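Thank you for asking me to look over this entry. My remarks are set out below for someone who is meeting the structure for the first time.

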Amino acid sequence: MKEGLETHYLESIYNHVAHRYDLQHAWLTAGSDERGRHMVVNHSVRPGDHVLDCGSGTGSTAFLASNIIGPEGKLTLFDLSDGMLNVAREKAKSMGVDKRIIFQTGDMINLPFADNTFDTVLSTYSLCPLFDPARGALELYRVLKPGGQAGIAHSAAPSNPILNWLADRVEDLVWLFPNISIGCRAVSVLPNLQQAGAKLKYHRKIGVPLWPFEVFVVEKPE
Ligand SMILES: C[S@@+](CC[C@H](N)C(=O)[O-])C[C@H]1O[C@@H](n2cnc3c(N)ncnc32)[C@H](O)[C@@H]1O
(Lines give C-alpha, C1' and ligand atoms only; values in the text may rest on other atoms or scores of the structure.)
Protein backbone atom coordinates (compact mmCIF):
# COMPACT_ATOMS: atom_id res chain seq x y z
CA MET A 1 0.00 0.00 0.00
CA LYS A 2 1.26 3.48 -0.87
CA GLU A 3 2.03 5.81 2.03
CA GLY A 4 -0.76 8.39 2.48
CA LEU A 5 -0.22 12.07 1.69
CA GLU A 6 0.47 14.49 4.52
CA THR A 7 -2.80 15.79 6.04
CA HIS A 8 -2.32 19.53 5.28
CA TYR A 9 -1.37 18.73 1.70
CA LEU A 10 -4.46 16.52 1.39
CA GLU A 11 -6.61 19.35 2.76
CA SER A 12 -5.24 21.78 0.14
CA ILE A 13 -5.86 19.25 -2.67
CA TYR A 14 -9.51 18.76 -1.63
CA ASN A 15 -10.04 22.51 -1.23
CA HIS A 16 -8.71 22.92 -4.77
CA VAL A 17 -10.86 20.22 -6.42
CA ALA A 18 -14.04 20.78 -4.34
CA HIS A 19 -16.14 22.35 -7.11
CA ARG A 20 -15.36 19.67 -9.67
CA TYR A 21 -15.04 16.74 -7.22
CA ASP A 22 -18.48 15.13 -7.84
CA LEU A 23 -17.98 15.05 -11.60
CA GLN A 24 -14.33 13.95 -11.42
CA HIS A 25 -14.99 11.08 -8.97
CA ALA A 26 -18.05 9.85 -10.87
CA TRP A 27 -16.12 9.88 -14.15
CA LEU A 28 -13.02 8.11 -12.76
CA THR A 29 -15.13 5.39 -11.13
CA ALA A 30 -17.54 5.00 -14.07
CA GLY A 31 -20.41 5.91 -11.73
CA SER A 32 -19.83 2.96 -9.38
CA ASP A 33 -19.09 5.42 -6.53
CA GLU A 34 -22.80 6.35 -6.39
CA ARG A 35 -23.81 2.67 -6.42
CA GLY A 36 -21.58 2.10 -3.37
CA ARG A 37 -23.09 5.08 -1.54
CA HIS A 38 -26.63 3.72 -2.06
CA MET A 39 -25.59 0.24 -0.87
CA VAL A 40 -23.95 1.62 2.28
CA VAL A 41 -26.87 3.89 3.20
CA ASN A 42 -29.65 1.40 2.38
CA HIS A 43 -28.04 -1.30 4.54
CA SER A 44 -27.10 0.80 7.56
CA VAL A 45 -29.29 3.89 8.09
CA ARG A 46 -32.63 3.65 9.93
CA PRO A 47 -35.45 6.20 10.45
CA GLY A 48 -34.72 8.50 13.42
CA ASP A 49 -30.97 7.67 13.51
CA HIS A 50 -28.29 10.06 14.74
CA VAL A 51 -25.86 9.77 11.79
CA LEU A 52 -22.24 10.85 11.33
CA ASP A 53 -20.89 10.99 7.76
CA CYS A 54 -17.14 11.04 8.20
CA GLY A 55 -15.06 12.47 5.36
CA SER A 56 -18.44 13.51 3.99
CA GLY A 57 -16.95 15.64 1.23
CA THR A 58 -19.68 17.34 -0.77
CA GLY A 59 -22.40 15.39 1.08
CA SER A 60 -23.44 12.87 -1.60
CA THR A 61 -23.80 10.03 0.93
CA ALA A 62 -25.13 12.19 3.75
CA PHE A 63 -28.01 13.50 1.63
CA LEU A 64 -29.07 9.93 0.81
CA ALA A 65 -29.07 9.24 4.57
CA SER A 66 -31.10 12.40 5.30
CA ASN A 67 -33.96 10.98 3.17
CA ILE A 68 -34.12 7.92 5.44
CA ILE A 69 -33.65 9.42 8.92
CA GLY A 70 -36.51 11.91 8.44
CA PRO A 71 -37.23 14.90 10.72
CA GLU A 72 -36.65 12.86 13.93
CA GLY A 73 -33.08 12.00 12.89
CA LYS A 74 -29.88 14.02 13.28
CA LEU A 75 -27.08 14.34 10.72
CA THR A 76 -23.48 15.54 11.13
CA LEU A 77 -21.17 16.06 8.14
CA PHE A 78 -17.52 15.93 9.19
CA ASP A 79 -14.58 16.64 6.85
CA LEU A 80 -10.99 17.88 6.74
CA SER A 81 -11.69 20.30 3.89
CA ASP A 82 -13.68 23.54 4.28
CA GLY A 83 -13.91 23.70 0.48
CA MET A 84 -15.67 20.32 0.28
CA LEU A 85 -17.99 21.19 3.20
CA ASN A 86 -18.85 24.54 1.57
CA VAL A 87 -20.06 22.71 -1.53
CA ALA A 88 -22.09 20.41 0.77
CA ARG A 89 -23.58 23.50 2.49
CA GLU A 90 -24.61 25.01 -0.87
CA LYS A 91 -26.27 21.72 -1.86
CA ALA A 92 -28.06 21.42 1.51
CA LYS A 93 -29.36 24.98 1.17
CA SER A 94 -30.72 24.34 -2.31
CA MET A 95 -32.44 21.19 -0.97
CA GLY A 96 -33.86 23.13 2.01
CA VAL A 97 -32.26 20.79 4.58
CA ASP A 98 -29.32 22.95 5.76
CA LYS A 99 -31.00 23.91 9.07
CA ARG A 100 -31.24 20.21 10.04
CA ILE A 101 -27.53 19.46 9.47
CA ILE A 102 -24.37 20.08 11.51
CA PHE A 103 -21.25 20.81 9.43
CA GLN A 104 -17.96 20.29 11.23
CA THR A 105 -14.34 20.52 10.09
CA GLY A 106 -11.64 18.26 11.58
CA ASP A 107 -9.41 15.23 11.27
CA MET A 108 -11.11 11.81 11.37
CA ILE A 109 -7.92 10.26 12.75
CA ASN A 110 -8.84 11.99 16.05
CA LEU A 111 -12.61 12.44 16.08
CA PRO A 112 -13.82 15.14 18.52
CA PHE A 113 -16.77 12.98 19.69
CA ALA A 114 -17.25 10.87 22.80
CA ASP A 115 -17.31 7.06 22.64
CA ASN A 116 -20.69 5.52 21.70
CA THR A 117 -22.29 8.74 20.32
CA PHE A 118 -23.88 7.83 16.96
CA ASP A 119 -26.47 5.24 15.83
CA THR A 120 -24.86 5.07 12.39
CA VAL A 121 -21.45 6.11 11.11
CA LEU A 122 -20.80 6.38 7.36
CA SER A 123 -17.55 6.60 5.43
CA THR A 124 -17.62 6.44 1.64
CA TYR A 125 -14.18 6.65 0.02
CA SER A 126 -12.80 8.72 2.91
CA LEU A 127 -10.59 6.01 4.48
CA CYS A 128 -8.65 5.63 1.19
CA PRO A 129 -6.62 8.87 1.49
CA LEU A 130 -5.78 8.56 5.22
CA PHE A 131 -2.13 7.90 6.13
CA ASP A 132 -3.43 5.34 8.66
CA PRO A 133 -6.75 3.93 7.33
CA ALA A 134 -7.00 1.28 10.09
CA ARG A 135 -6.78 3.94 12.78
CA GLY A 136 -9.44 5.98 10.97
CA ALA A 137 -11.74 2.93 10.82
CA LEU A 138 -11.25 2.24 14.55
CA GLU A 139 -12.14 5.88 15.30
CA LEU A 140 -15.42 5.39 13.41
CA TYR A 141 -16.06 2.28 15.50
CA ARG A 142 -15.22 4.05 18.76
CA VAL A 143 -17.90 6.76 18.29
CA LEU A 144 -20.55 4.20 17.26
CA LYS A 145 -23.16 3.23 19.89
CA PRO A 146 -23.46 -0.47 20.83
CA GLY A 147 -26.13 -1.87 18.50
CA GLY A 148 -25.21 0.80 15.93
CA GLN A 149 -23.90 0.19 12.41
CA ALA A 150 -20.94 1.51 10.41
CA GLY A 151 -21.44 1.62 6.64
CA ILE A 152 -18.15 1.78 4.77
CA ALA A 153 -17.03 1.87 1.12
CA HIS A 154 -13.41 2.15 0.03
CA SER A 155 -11.04 1.34 -2.83
CA ALA A 156 -9.67 -2.20 -2.69
CA ALA A 157 -6.97 -4.18 -4.47
CA PRO A 158 -8.17 -6.43 -7.34
CA SER A 159 -8.05 -10.11 -6.27
CA ASN A 160 -6.66 -11.26 -9.66
CA PRO A 161 -2.80 -10.97 -9.42
CA ILE A 162 -2.36 -9.73 -13.01
CA LEU A 163 -5.05 -7.09 -12.58
CA ASN A 164 -3.51 -6.19 -9.22
CA TRP A 165 -0.10 -5.66 -10.85
CA LEU A 166 -1.71 -3.55 -13.58
CA ALA A 167 -3.70 -1.55 -11.02
CA ASP A 168 -0.45 -0.77 -9.14
CA ARG A 169 1.11 0.58 -12.36
CA VAL A 170 -1.98 2.73 -13.09
CA GLU A 171 -1.92 3.97 -9.48
CA ASP A 172 1.79 4.91 -9.85
CA LEU A 173 0.89 6.94 -12.94
CA VAL A 174 -2.18 8.63 -11.47
CA TRP A 175 -0.25 9.54 -8.30
CA LEU A 176 2.00 11.76 -10.41
CA PHE A 177 -1.07 14.06 -10.58
CA PRO A 178 -2.30 14.62 -6.98
CA ASN A 179 -5.34 16.67 -8.09
CA ILE A 180 -6.53 13.60 -10.00
CA SER A 181 -5.51 10.82 -7.57
CA ILE A 182 -6.76 13.00 -4.65
CA GLY A 183 -4.56 10.82 -2.43
CA CYS A 184 -6.79 7.74 -2.83
CA ARG A 185 -5.38 4.22 -2.91
CA ALA A 186 -6.54 0.66 -2.22
CA VAL A 187 -6.86 -0.03 1.52
CA SER A 188 -8.15 -2.84 3.77
CA VAL A 189 -9.76 -2.18 7.16
CA LEU A 190 -12.41 -4.87 7.68
CA PRO A 191 -9.94 -7.23 9.49
CA ASN A 192 -9.08 -4.41 11.94
CA LEU A 193 -12.75 -3.79 12.69
CA GLN A 194 -13.48 -7.49 13.14
CA GLN A 195 -10.51 -7.77 15.49
CA ALA A 196 -12.09 -4.94 17.53
CA GLY A 197 -15.29 -7.04 17.82
CA ALA A 198 -17.36 -5.71 14.90
CA LYS A 199 -19.88 -8.17 13.39
CA LEU A 200 -20.12 -8.21 9.60
CA LYS A 201 -23.74 -7.71 8.39
CA TYR A 202 -23.27 -7.00 4.66
CA HIS A 203 -20.33 -7.27 2.26
CA ARG A 204 -19.95 -6.73 -1.52
CA LYS A 205 -17.21 -5.96 -4.02
CA ILE A 206 -18.24 -3.60 -6.81
CA GLY A 207 -16.63 -1.20 -9.26
CA VAL A 208 -14.48 -1.42 -12.37
CA PRO A 209 -11.95 -4.33 -12.61
CA LEU A 210 -8.90 -2.09 -12.16
CA TRP A 211 -10.49 0.00 -9.40
CA PRO A 212 -12.80 -2.19 -7.28
CA PHE A 213 -14.58 -0.96 -4.18
CA GLU A 214 -15.23 -2.94 -1.02
CA VAL A 215 -18.63 -2.07 0.46
CA PHE A 216 -19.66 -3.38 3.88
CA VAL A 217 -21.71 -2.77 7.00
CA VAL A 218 -20.59 -3.85 10.45
CA GLU A 219 -22.47 -3.76 13.75
CA LYS A 220 -21.04 -2.96 17.17
CA PRO A 221 -22.38 -5.65 19.53
CA GLU A 222 -24.55 -4.51 22.49
C1 LIG B 1 -12.66 10.73 -1.93
S2 LIG B 1 -13.43 11.94 -0.95
C3 LIG B 1 -14.96 11.15 -0.46
C4 LIG B 1 -16.07 12.16 -0.17
C5 LIG B 1 -17.46 11.57 0.02
N6 LIG B 1 -17.56 10.77 1.19
C7 LIG B 1 -17.95 10.82 -1.20
O8 LIG B 1 -18.62 9.78 -1.05
O9 LIG B 1 -17.74 11.32 -2.31
C10 LIG B 1 -12.49 11.87 0.54
C11 LIG B 1 -12.95 12.90 1.56
O12 LIG B 1 -12.27 12.64 2.79
C13 LIG B 1 -11.84 13.87 3.32
N14 LIG B 1 -10.68 13.59 4.19
C15 LIG B 1 -9.43 13.22 3.82
N16 LIG B 1 -8.64 13.07 4.91
C17 LIG B 1 -9.42 13.36 5.98
C18 LIG B 1 -9.18 13.40 7.38
N19 LIG B 1 -7.99 13.11 7.90
N20 LIG B 1 -10.22 13.74 8.20
C21 LIG B 1 -11.44 14.05 7.69
N22 LIG B 1 -11.73 14.03 6.36
C23 LIG B 1 -10.72 13.68 5.52
C24 LIG B 1 -11.49 14.73 2.11
O25 LIG B 1 -11.46 16.10 2.44
C26 LIG B 1 -12.61 14.34 1.16
O27 LIG B 1 -13.73 15.16 1.31
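The numbered points that follow take up the sheet, its central strands, one helix, one loop residue and the ligand shell.

1. A word of caution belongs at the start, since what is shown here is a predicted model, and the remarks below should be read with that in mind.

2. The sheet is the natural place to begin: 7 strands form it, it is open, and their order is 3-2-1-4-5-7-6, with mixed pairing. Its edges are strand 3 (residues 101-105) and strand 6, each of which pairs on one side only. From one strand to the next, the twist averages 15°.

3. Strand 1 (residues 50-54) can be followed to both of its neighbours. It runs parallel to strand 2 (residues 74-79), to which 5 bridges join it, and it also runs parallel to strand 4, here with 3 bridges. Valine 51 illustrates both pairings, as its bridge partner is leucine 75 in strand 2 and threonine 120 in strand 4. At histidine 50, the residue standing opposite in strand 2 is lysine 74. Strand 1 is mostly covered, with 4 of its 5 residues buried.

4. Strand 4 deserves a point of its own, because 7 of its 7 residues are buried, so that the strand is largely enclosed by the rest of the structure. Besides its pairing with strand 1, strand 4 is joined by 6 bridges to strand 5, and these two strands run parallel. Within that pair, valine 121 stands opposite alanine 150 of strand 5.

5. Two connections across the sheet can be described in similar terms. Strand 1, helix 4 and strand 2 make a right-handed β-α-β unit, and a right-handed β-α-β unit is also made by strand 4, helix 6 (residues 133-142) and strand 5.

6. Which residues of helix 3 (residues 32-42) are buried? They are Asp33, Gly36, Arg37, Met39, Val40 and Val41. These buried residues pack against helix 2 (21-28) and helix 4, and also against strand 4, strand 5, strand 6 and strand 7. When reading such a list, it helps to recall that an α-helix has 3.6 residues a turn, so residues three or four places apart point the same way.

7. Is lysine 99, in contrast to the residues just named, buried or exposed? This lysine is found in the loop between helix 5 (82-95) and strand 3. Lysine 99 counts as exposed because 7 other C-beta atoms lie within 10 Å, and the cut-off for that class is 12 or fewer. Arginine 89 is 10 residues away from lysine 99 along the chain, and the C-alpha atoms of the two are separated by 9.9 Å.

8. The last point concerns the ligand, which has 24 residues around it, and of these Gly55, Gly57, Leu80, Thr124 and Ser126 come nearest. The elements giving two or more residues to this shell are helix 1 (7-17) and helix 4 (60-69), and the largest share, 3 residues, comes from helix 1. Sorted by class, the shell holds 11 nonpolar, 10 polar and 3 charged residues.

Note on methods: Residues numbered from 1 in each chain as written. Predicted model: local features only at pLDDT ≥ 70, side-chain atom pairs only at ≥ 80, totals over all residues. Near = placed C-beta within 6 Å. Nonpolar A, V, L, I, M, F, W, Y, C, P; charged D, E, K, R; others polar. Buried ≥ 20, exposed ≤ 12 C-beta atoms within 10 Å, placed from the backbone. Contact = placed C-beta atoms within 7 Å. Pairing = 2+ DSSP bridges. Right-handed = clockwise from strand over helix to strand, strands pointing away. Axes fitted to C-alpha atoms, helices over the stretch in contact; angles between N-to-C directions.
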